[in-house]
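Subject: Handover of a structure and its findings

Dear colleague,

Please find below the structure that I am handing over to you. After it I set out what was found, arranged by topic.

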Amino acid sequence: MEVEYDDSGWQGRTKQQSNAEELHEDNPQKTIQECLEKFLTPDYIMEPGIFTQLKRYFQSGGSPEEVISMLSENYKAVAQMANLLAEWLILAGVKVTEVQAMVENHLKEMILKSFDPKKADTIFTEEGETPDWLTEMIDHYTWRSLIYRLAEEYPDCLMLNFTIKLISDAGFQSEITSISTAAQQIEVFSRVLKTSIVKFLNNPDDVHGAIQECARMVCHGQHTYVYSQVLIQVLSQEQKGGFNMKRLSQEIIKYALQNLYLNSNQNVTPITMALNGSAVYPQACQALTSMLTRNTLNPADITVLFRNYSGSDPPPIDLIRNPQFLELLVDALFRASVKINPEHKPKYVFLLAYASSVIDQPAKKRPLTERLLNKDELKSTIQAIEKAHAICNVDQGSTELIAELQTLYNCIKYPVVGVGVIRWIENVVMEPSYFKLSTDSCPTHLAVLDEVAGVHPTLQQQILFLLIRLFESKQDELEILVQLEMKKMILDRMVNLLTRGCVVPVLRYIKQCCAIEDTDISLIRYFVTEVLETITHPYSPEFVQLFLPMVENEEITGTMRGEGDNDPVSEFIVHCKAHYTTV
């Protein structure tokens with residue numbers, strides 16, 4: 001349920017409160033008794049509402065001597081004693097920042113233990129407006145972080161939800177990482193979603209992380225998913241940058257399928273189909289929905305789609321450019337374990353080739369419903385997929401594969417074949433016995449990955465993920481020295497990726513290996529050596545920031561340095577120190 005906060009709402013409650021007080025003022029003795037009960041509480045003289053209560057007390061005929069006695073007797077000076085102790089600690093030599101952190105952390109623990117959402121909601125009843133102390137609180141990160149934690153525990157607290165809105169209004173929405181907190185109010189969620197989308201657009205080197213963060217937030221609930229996907233769908237229609245938003249939408253769908261598919265109540269397929277306009281083409285829509293919902297292909301529905309797209313008036317190509325559907329097609333054609341009926345195989349190939357090669361655009365100076373289809377590359381793409389499928393679908397070792405390399409390299413020039421070959425190689429090399437049976441210094445399958453990385457820069461991230469999985473995989477059947485040689489060979493493949501332009505992701509992973517300290521130091525040394533032999537200046541600041549700490553690490557490069565500054569390690573360090581002031 002959406003909660004609206006505005007001045008009139010709180011003013012309305014204040015009016016009700018003031019009416020109740022007027023009734024009490026008609027009974028002075030009752031008013032005096034209420035005030036005295038409050039004056040008896042410890043340190044009440046420090047409460048923000050003290051002046052209001054004193055005014056009520058005196059207007060009802062209360063005794064000044066009695067109130068002075070009560071307030072003074074119940075004055076414990078807890079806050080003043082805390083300040084005094086803090087001053088003593090500073091005088092004793094403790095840093096001011098450490099003392100401040102002690103006090104703040106203790107206060108946070110006390111608030112978390114004793115917080116009462118009902119009492120918190122009465123703040124606005126008594127104050128009648130946003131309290132000044134609350135406005136001051138949200139200027140400090142320590143107290144904003146406390147609000148975030150409390151809002152997680154008490155999502156129905158009006159005071160906390162209103163404070164979250166204040167924090168968002170103040171421009172701190174990027175801090176609201178808790179999805180359940182942001183999802184309570186549409187204004188707050190919209191700002192947090194905007195911040196997440198901007199991060200995705202402005203961080204090309206960490207696209208994967210930005211996508212994961214955004215997708216996790218969008219998939220928090222049905223309302224956040226529908227709202228976000230509709231918004232992103234509208235943005236994807238923009239001529240400038242619309243393709244980026246379409247990619248984000250597809251990545252969110254992919255994330256939802258991976259994380260929500262087991263829960264049938266959270267099936268996102270109907271939402272996807274509703275947004276892509278497929279209802280206008282009922283046959284194609286029904287066939288596609290059936291396969292996407294079950295997450296499996298079947299010949300009957302494939303035949304329906306083939307008949308629709310091979311006809312004279314095919315549906316829009318965007319319908320079958322669905323990430324889930326394309327994944328299923330690639331799996332069917334490039335996983336050796338998947339068997340397709342030879343009668344239907346050409347239909348699978350046609351649909352994958354059609355989705356990846358045909359250009360569908362509105363016709364100029366004609367009604368918007370008319371489209372121009374450019375099928376120039378359709379035939380050659382079909383042939384490339386068929387040839388690659390024939391090679392990948394046969395169980396053959398590295399030696400037999402060498403004879404087919406030239407044909408395979410020609411087919412790899414087509415991006416869709418590149419994707420399929422990565423899937424095929426992943427299926428082969430992740431077999432536990434693969435490296436045990438391989439005797440080559442660089443297995444042919446991994447050499448093929450090098451070719452894909454050179455031809456298709458957009459697939460380098462996928463290749464890196466596969467190499468990371470191989471590097472971290474347990475190869476207990478191999479001897480220790482053989483394992484080290486295998487990992488050096490995988491590092492060679494990573495260096496190749498680095499030379500092809502995938503620099504920052506590779507260096508970040510190796511830096512992570514150094515930080516975790518679970519990788520043999522000789523492997524890190526080998527990587528650094530190979531990179532130093534490959535690179536030359538000028539270097540980007542980000543490259544220096546990631547690579548220089550590894551080169552300066554004595555444990556890694558100590559044995560690689562000579563007496564002078566003529567070795568590659570010393571030359572790199574000297575150059576970076578001379579040309580980069582901040583690392």
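I begin with E552, which is partly exposed, because its relative accessible area is 30% and the partly exposed class runs from 20% to 50%. Please bear in mind throughout that this is a predicted model.

Salt bridges

E552 meets the side chain of K577 in a salt bridge, with 3.0 Å from N to O. The two residues belong to different helices, K577 to α33 (residues 568–579) and E552 to α31, so this salt bridge ties together parts that are 25 residues apart in sequence. K577 has a relative accessible area of 53% and is therefore classed as exposed.

Helix α31 takes part in a further contact. The side chains of E542 and R508 form a salt bridge at 3.2 Å, N to O. This pair links distant parts of the chain, since E542 lies in helix α31 (residues 541–552) and R508 in helix α29, 34 residues apart. E542 is partly exposed at 28% relative accessible area, and R508 is also partly exposed, at 33%.

A salt bridge also joins K199 and E213, whose closest N and O atoms are 2.8 Å apart. Here helix α12 (residues 186–202), which holds K199, is linked to helix α13 (residues 207–218), which holds E213; the two residues are 14 apart. Both partners are partly exposed: the relative accessible area is 34% for K199 and 32% for E213.

In total, the structure has 12 salt bridges. In addition to the pairs above, E327, D331, R335 and R423 are linked in a network of salt bridges.

Aromatic rings

How many aromatic pairs does the structure hold? The count is 13. One of them is formed by F471 and Y509, with the ring centres 6.3 Å apart and 85 degrees between the planes, an edge-to-face arrangement. This pair, too, links distant parts of the chain: F471 is in helix α27 (residues 460–472) and Y509 in helix α29 (residues 503–516), 38 residues apart. Are these two residues buried or exposed? F471 counts as buried because its relative accessibility is 4%, and Y509 counts as buried at 6%.

Y539 and F543 offer a stacked pair, because their ring centres are 5.4 Å apart and their planes stand at 25 degrees, under the 30 degrees required for stacking. Both Y539 and F543 are buried.

F471 has another neighbour as well: the charged end of K487 sits over its ring, 5.4 Å from the centre. Elsewhere, F39, Y44, Y57 and F58 form one aromatic cluster.

One face of a helix

In helix α23 (residues 405–412), the buried residues are L405, L408, C411 and I412. Viewed down the axis of α23, these residues fall within an arc of 125 degrees, so they line one face of the helix. The general background is that an α-helix has 3.6 residues a turn, so residues three or four places apart point the same way.

A nonpolar patch on the surface

Finally, L89, M102, V103 and L107 form a nonpolar patch on the surface, and together they have about 300 Å² of accessible area. Helix α6 (residues 96–114) gives the most to this patch, with three residues. M102 is placed in helix α6 and counts as partly exposed, because its relative accessibility is 44%.

Yours sincerely,
A colleague

Technical notes:
Residues numbered from 1 in each chain as written. Predicted model: local features only at pLDDT ≥ 70, side-chain atom pairs only at ≥ 80, totals over all residues. Heavy atoms only, no water. Patch = residues over 30% accessible without salt bridge, like charges linked within 9 Å, V, L, I, M, F, W, Y side chains within 5 Å. Areas by Shrake-Rupley, 256 points an atom, 1.4 Å probe, with all protein chains shown as cover. Salt bridge = Lys/Arg side-chain N within 4 Å of Asp/Glu carboxyl O. Helix = DSSP H or I, 4+ residues; strand = E, 2+ residues; numbered from the N terminus. Buried < 20%, exposed > 50% of the residue type's maximum accessible area, 1.4 Å probe, protein only. Phe/Tyr/Trp six-rings, centres within 6.5 Å; stacked < 30°, edge-to-face > 60°. Lys NZ or Arg CZ within 6 Å of the ring centre and 35° of its normal. Arc of directions from axis to C-beta.
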